[in-house]
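Me: I have a model open and would like to go through the words used to describe it. Could you set each label against its cut-off for me?

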Amino acid sequence: MKILSLTNISQGFKESIFTQKEIFKEINFEIKTGEFVALKGENGSGKTTLLNIILGLITPKKGKVRLFGEDPKNFNSKTRLGVVLQKVAIPKNLKVKELIDLLRSYYPNALSTGEILNTVNLKGKENNWASKLSGGEAQRLFFALALVGNPEFLILDEPTRNLDEEGFSEFWEQIKICRDRNITILMVTNNKADFPYLDNLVTRYVTLKNGELDDAIIREVSYDKENLSKVTNQKIDYTSVLFKQTSVEILQLFRTPLYLLGIFLFPSLIAFFPINQDSSKIILIFFSGLMLLILAVERLGKRIAIDRAEGWLKLLQVTPLPPSIFFRAKIIITLLLSTIILSLMFFFGAFKLGIDENLISWSILFFSLILGIVPFAIFGLAMGYLFNPKSVDSIIGLTVPVAVLTCGLPLSEEKWFKRVIDFSPFSHYGQLVLSSTKVPKINSDDQPLFHFAFLIAFGFICYLLAIWAYKRDQSLN
């Protein structure tokens, strides 16, 4: 049975506007069940690019890739796959057991946490912070994450780097166990210490050189067909995955107390504003909208930009986790924080500024502020995939003054300024919120449906931008 097949794969990159360099041209390659293939090649020969194509992280310029008979971009093809990547940073504020449990939730036929910890000799380290493991222990954890789904096919990219002598020996013991279980393996390595072990285990050496593959068969594939991993028809419970992903996001949030303290202290600034019955309500609305806007862009954009830069999102992309689940968890946390912050804002508005409204009025204002911020949250997603963390910080810094200037406050009577305001999503957000309440001398506009439709259109454009940014990010892997 073919586990992997590449047909007429060609790939290259632009050296300049007019020239393009080919990495490889019309490569044909396949791996069958039970094989152990070692991929070799000099640095820069294209090994990592080829792996990224196999994993669906890059779309080839030409040709077709099939992983378990499916397009590798199909998440179902990855339920039977385990991967060790290079240059992946482990998320902060998660312990070893919590990280393994998170990735286990992505797979329908996962191994138990205890079995995984025993396999990679991390028993006793399960309550250690994953990001603070030593180099060798971190590499063991990456191998553990590759094994969580009880894979039929392992792809290992330089898996022995950073391993100490003990870890190196344990790794090869585990590889022998994987071979006894008839797990198919594709391994990339330039570590000379690996070659004596490979010589005794591999079925083929494949060398990538000058854009071509040199295939050298070492031994015939030998395996017990009755002992092959059984293909299961189990489906992923995406509701459970979303719950687990959201729970982990909440856990990480509670483990950043200074961040939470800063967010929750901001609403209390309203208590320092002088009480003025005519302007207190507009002050509350203005600062509520501004705070939600900053939170939407910062919480989503900055976090995703950091996860991308550290390589964590790349690891998630080779698991069966759909990005939509990842995004929903982020948005749920953002809306949860927005709800808490807005509740605090209203509390100070009612008791400090003396704003007297009934429950229905407060509810309408609350939901108009929350719903109106969703398009900007989607905008934050796109920014996270387009820019690095420092650039996202700059965008957040620029967004605040632009939002203040174009939110619809009567700052200028100039015609050109009013035309800019007409096309500003911040203005339509402000007008939608003001339309949901009664603010003297400010709320002269009575077109809530128009503002709502504008924000929907803006959100849809941001959604298309986010999809394009996500696909662009894949093509750059």
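Reply: Gladly. Let's begin with a term we need straight away: a residue counts as buried when its relative accessible area is under 20%. Please keep in mind that this is a predicted model.

Me: What makes helix α1 mostly covered?

Reply: Helix α1 spans residues 47-54, and seven of its eight residues are buried. They are K47, T49, L50, L51, N52, I53 and I54.

Me: Why is T49 called buried?

Reply: T49 lies in helix α1 and has a relative accessible area of 19%. The cut-off for buried is under 20%, so T49 is buried.

Me: Which residues is T49 in contact with, leaving aside its neighbours within four places in sequence?

Reply: T49 is in contact with Q11, I23, F24 and I58. A contact here means heavy atoms within 4.5 Å.

Me: And what is the phi of G56, just after α1?

Reply: G56 takes a positive phi of about 80°.

Me: How do you know that F417 is buried?

Reply: F417 sits in helix α14, residues 415-422. Its relative accessible area is 12%, and the limit is under 20%, so F417 is buried. You can also find L405 from there: it is twelve residues from F417 along the chain, and their C-alpha atoms are separated by 9.7 Å.

Me: Which residues are buried in helix α2, and what covers them?

Reply: In α2, residues 96-104, the buried ones are V96, L99, I100, D101, L102 and L103. Their cover includes α3 (113-119), α4 (135-147), α7 (238-254) and α10 (312-317).

Me: Now the helix pairs. Why are α11 and α12 called oblique to each other?

Reply: The axes of α11 (residues 323-351) and α12 (residues 359-386) come within 10 Å and cross at roughly 140°. Roughly antiparallel needs an angle over 145 degrees, and roughly perpendicular covers 65 to 115. The angle of roughly 140° fits neither range, so α11 and α12 are oblique to each other. By class, their contact has 13 nonpolar, three polar and no charged residues.

Me: Which residues of α11 and α12 meet?

Reply: From α11 come F327, I331, L335, S338, T339, L342, S343, F346 and A350. They meet W362, L365, F366, L369, I370, L381 and Y385 in α12. As for handedness, α11 passes α12 in a right-handed crossing.

Me: What makes α9 roughly antiparallel to α11?

Reply: The axes of α9 (residues 280-310) and α11 come within 10 Å and cross at roughly 155°. Since angles over 145 degrees count as roughly antiparallel, α9 is roughly antiparallel to α11. The contact of α9 with α11 has 17 nonpolar, four polar and four charged residues, and the crossing is right-handed.

Me: How many helices and strands are in the chain, and what share of its residues is buried?

Reply: The chain has 16 helices and nine strands. Buried residues make up 51% of its 477 residues. Among contacts with a separation of 6 or more, 74% are between residues 24 or more positions apart.

Me: And what is the accessible surface of the chain?

Reply: The accessible surface comes to about 23,300 Å², and 58% of that belongs to carbon and sulfur atoms.

Notes. Residues are numbered from 1 along each chain as its sequence is written. This is a predicted model: local features need pLDDT of at least 70, side-chain atom pairs count only at pLDDT 80 or more; totals for chains, interfaces and linings use all residues. Side-chain values use heavy atoms; hydrogens and water are left out. Axes are lines fitted to C-alpha atoms, for helices over the stretch in contact, and angles run from 0 to 180 degrees between N-to-C directions. Helices (H or I, at least four residues) and strands (E, at least two) are DSSP runs, numbered from the N terminus. Angles under 35 degrees count as roughly parallel, over 145 as roughly antiparallel, 65 to 115 as roughly perpendicular and the rest as oblique. A crossing is left-handed if the near helix is turned anticlockwise from the far one by less than a right angle, and right-handed if clockwise. Ala, Val, Leu, Ile, Met, Phe, Trp, Tyr, Cys and Pro count as nonpolar, Asp, Glu, Lys and Arg as charged, and the others, Gly among them, as polar. Buried means under 20% relative accessible area, exposed over 50%, partly exposed in between (1.4 Å probe, protein chains only). Accessible areas come from the Shrake-Rupley method with a 1.4 Å probe; for residues, only the protein chains shown count as cover.
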